[in-house]
Amino acid sequence: MVANHGIDETMSEKPTAEVVQPERSTSQSSTEDVVLIPPTIKDEPEAQKPVEKADVEDRGKLKSNNIPLNTEKASDDVPVIFPPGKIDVVALQAKVEEARKKLEGAVQDVQESISEKNKGNEANQVIGNDDHSHNHKDEKPVIPADLPKPKVVKPWEAWEQYEKFDHFSAFSEGSNIAIHDPYPDPSLRCPGPRDIIFPNLNYCIDGRVDEHPPHLMGSYAVTNLSDPCFTVDQRYGPYTVFGFPDKRQLNDTNWKASIDACVASKTPTRRIAVMLRSYDGYIYERDDILNIRALLAELCLNTGAQYDLRILHEVKDGTAIFADPESYQRKAESVVPSEFRGLVDLWSSDQMRSIYPGLARVDDWFGRRSSGQINTAQRSQHAPLQWFAVHHPEYEYFWNWELDVRYIGNYYELFSKAEAFARAQPCTNTTWKNSEKWFFEGMTPWDTDSSDEGIGEEADYIAFGPIFDPRGSRWYFESDVVNWPLKRETPRRATIITNGRLSRRLLLEMHRINSQERRHIMCESFGLSVAFMNDWKAVYVPHAQYLERKWDVIVFESAVNDKQFFRHEYDMWLTTYYFDAHFAKKLYDGWRKEAKTCRRAVLLHPIKRVRDTGALTIEED
């Protein structure tokens with residue numbers, strides 16, 4: 001791989017002044033009648049300030065083996081800049097209140113607003129560095145001072161002009177089917193529990209399949225992912241044969257034993273760990289069980305154990321899991337359905353605080369010490385994965401995977417094609433630039449590179465969303481940077497949602513920075529930032545996404561790739577993959593409840609609280 005360059009004298013990073021960020025509630029995912037309050041005058045960016053040469057000339061200030069002092073507490077007092085002339089504050093407040101009442105029902109023309117923003121952005125867009133020296137000379141995005149302020153608006157009212165895709169047509173009776181086989185070597189298949197060999201999935205090829213709505217974001221062609229159309233029985237039918245016995249009953253379904261036998265017989269030389277993230281209180285519904293069975297069959301058993309699956313479970317109830325082996329085993333077996341026994345690895349936030357003590361009492365996120373502990377799943381989700389990598393040298397790569405993800409398609413195809421796509425990208429600035437925005441076929445530039453450096457090599461980070469520069473973005477976690485000398489001006493990268501693949505060397509470097517340098521960045525940014533600082537390869541895989549409404553693609557692309565996207569992040573509610581993509585659950589529920597409806601292969605998040613199996617045919621045990 002390329003040599004480490006980090007930050008040196010050739011860099012010209014120019015940070016903008018601190019932007020006050022409106023808080024985003026992680027629970028605000030409902031489409032109730034909520035009025036979005038526009039940013040106050042406080043939201044306007046301050047003037048640009050040059051960075052002293054001393055702040056960036058020494059790479060050691062960004063990446064050092066020395067343990068730094070705690071960063072200074074940032075001030076909560078940001079000056080409010082008023083326009084020239086006298087202002088009657090009381091009268092102004094009265095007028096604002098009156099205007100707000102009259103604005104009920106009035107909707108700002110979103111297309112016009114986006115167009116105006118883009119015009120203001122064009123002159124300020126930063127042109128990516130075309131050289132391939134790996135010195136990241138990308139300027140920090142400049143926030144235009146004259147951006148129009150958003151009005152009080154209920155975003156979904158602006159969506160009403162677009163036709164809804166809230167249901168897909170059922171296919172005709174007697175439709176023909178085909179077999180979907182993404183595996184290169186069928187001889188690698190291993191039997192599962194009860195010596196069952198899992199077949200390839202069937203899918204629909206005629207009837208009314210052609211009426212399936214088109215995807216708007218991402219690409220099947222660019223990623224080389226196929227788009228077969230599956231019914232719920234075709235997707236999950238092979239995994240209902242074990243029934244759903246009471247989770248308190250020990251049964252003869254033992255996936256761990258099948259995987260161990262597969263490893264012994266096939267002796268795979270390269271193994272990848274798939275780490276499912278679970279926690280105390282998680283309820284495993286039948287849909288969750290079917291999803292995990294699909295992961296085990298499609299990734300582990302049908303590949304000759306090239307992939308392994310582990311459930312990384314967070315203990316929250318204070319159980320003394322490390323007191324003795326028996327306590328650990330009892331807890332591990334009690335937190336999952338019995339068929340998944342042996343796959344569980346436990347961790348706790350108390351354990352992480354003991355492993356990374358330098359972070360236990362440091363917290364300057366938003367300049368407040370009341371923001372919550374760093375060593376929690378919300379802010380340091382990769383910490384237990386780092387510790388797992390330290391103790392499991394048998395794995396070179398680790399997929400971090402949440403339990404609320406679903407794939408209507410074969411998991412092996414998704415993971416293997418994502419890995420192949422990442423290998424095909426060069427390890428240059430062009431790849432970082434290509435990964436910055438949501439991809440739209442025929443619209444988003446996908447630059448090619450004359451350099452073949454890094455092509456064919458594995459990526460250190462694979463993400464399913466854009467990899468962006470959080471500085472000045474108004475992202476909720478933009479300020480969550482702990483103990484770095486440049487604080488929130490630290491050059492870094494981030495992606496929304498932590499589902500993705502990390503390399504072993506990346507996790508070990510993250511572990512070293514946490515433990516020895518006592519530095520940290522919020523988990524959706526930490527791994528990518530470490531890769532960015534070391535000039536390692538990180539790639540966004542532009543998988544296909546569907547939208548709830550028939551949007552004008554030009555309008556939607558300009559909205560979600562806007563420099564000020566986080567002002568109107570709610571536009572992603574309409575999609576199938578985002579931290580609060582509402583349409584994902586609607587699409588999934590509609591598909592499950594209609595036996596004759598097929599959906600094309602698509603990655604969905606979040607899928608929570610699926611209480612029934614819908615139209616799926618169940619074989620009870």
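Here are some informal questions and answers about a predicted model.

Me: In what order do the seven strands of the open sheet run?
Reply: The pairing in this sheet is mixed. Its edge strands are S6 (344-347) and S13 (538-540), each pairing on one side only. From one strand to the next, the twist averages 20°. Reading across from one edge, the order is S6-S5-S4-S7-S11-S9-S13.

Me: Which residue in S13 does Ala-463 stand opposite?
Reply: S9 and S13 run parallel and are joined by three bridges. Opposite Ala-463 stands a residue of S13, namely Tyr-540.

Me: At roughly what angle do the axes of H8 and H12 cross?
Reply: Helix H8 (residues 286-300) lies across S4 and S5, running at about 150° to S5. Helix H12 (residues 411-423) lies across several strands, including S7, and runs at about 130° to S7. The two axes come within 8 Å of each other and cross at roughly 60°.

Me: And what does that make H8 relative to H12, and which H12 residues make the contact?
Reply: A crossing of roughly 60° makes H8 oblique to H12. On the H8 side, the contact uses Asn-291, Ala-294, Leu-295, Glu-298 and Leu-299. The contact residues divide into six nonpolar, one polar and one charged. From H12 come Tyr-411, Tyr-412 and Phe-415.

Me: How many residues apart in sequence are the parts that the Phe-198 and Tyr-239 pair ties together?
Reply: A search of the whole structure finds 39 aromatic pairs. Phe-198 and Tyr-239 form a tilted one, with 5.7 Å centre to centre and 50° between the planes. Phe-198 lies in the loop between S1 and S2, and Tyr-239 in the loop between H6 and H7, so the pair ties together parts that are separated by 41 residues.

Me: Is Phe-198 buried or exposed?
Reply: The cut-off for buried is under 20% relative accessible area. Phe-198 has a relative accessibility of 1%, so Phe-198 counts as buried.

Me: What kind of aromatic pair do Tyr-279 and Tyr-282 form?
Reply: Their centres are 5.5 Å apart, with 90° between the planes. Planes over 60 degrees apart get their own label, so this pair is edge-to-face.

Me: What is the C-alpha separation of Lys-437 and Asp-562?
Reply: Lys-437 sits in the loop between H13 (429-434) and S9 (461-463). At 33% relative accessibility, Lys-437 counts as partly exposed. Along the chain, Lys-437 and Asp-562 are 125 residues apart, while their C-alpha atoms are separated by 9.0 Å.

Conventions:
Residues are numbered from 1 along each chain as its sequence is written. This is a predicted model: local features need pLDDT of at least 70, side-chain atom pairs count only at pLDDT 80 or more; totals for chains, interfaces and linings use all residues. Side-chain values use heavy atoms; hydrogens and water are left out. Helices (H or I, at least four residues) and strands (E, at least two) are DSSP runs, numbered from the N terminus. Buried means under 20% relative accessible area, exposed over 50%, partly exposed in between (1.4 Å probe, protein chains only). Two strands pair if DSSP finds at least two bridges between them. Axes are lines fitted to C-alpha atoms, for helices over the stretch in contact, and angles run from 0 to 180 degrees between N-to-C directions. Contact means heavy atoms within 4.5 Å. Angles under 35 degrees count as roughly parallel, over 145 as roughly antiparallel, 65 to 115 as roughly perpendicular and the rest as oblique. Ala, Val, Leu, Ile, Met, Phe, Trp, Tyr, Cys and Pro count as nonpolar, Asp, Glu, Lys and Arg as charged, and the others, Gly among them, as polar. Rings of Phe, Tyr and Trp (its six-membered ring) pair if their centres lie within 6.5 Å; planes under 30 degrees apart count as stacked, over 60 as edge-to-face and the rest as tilted.
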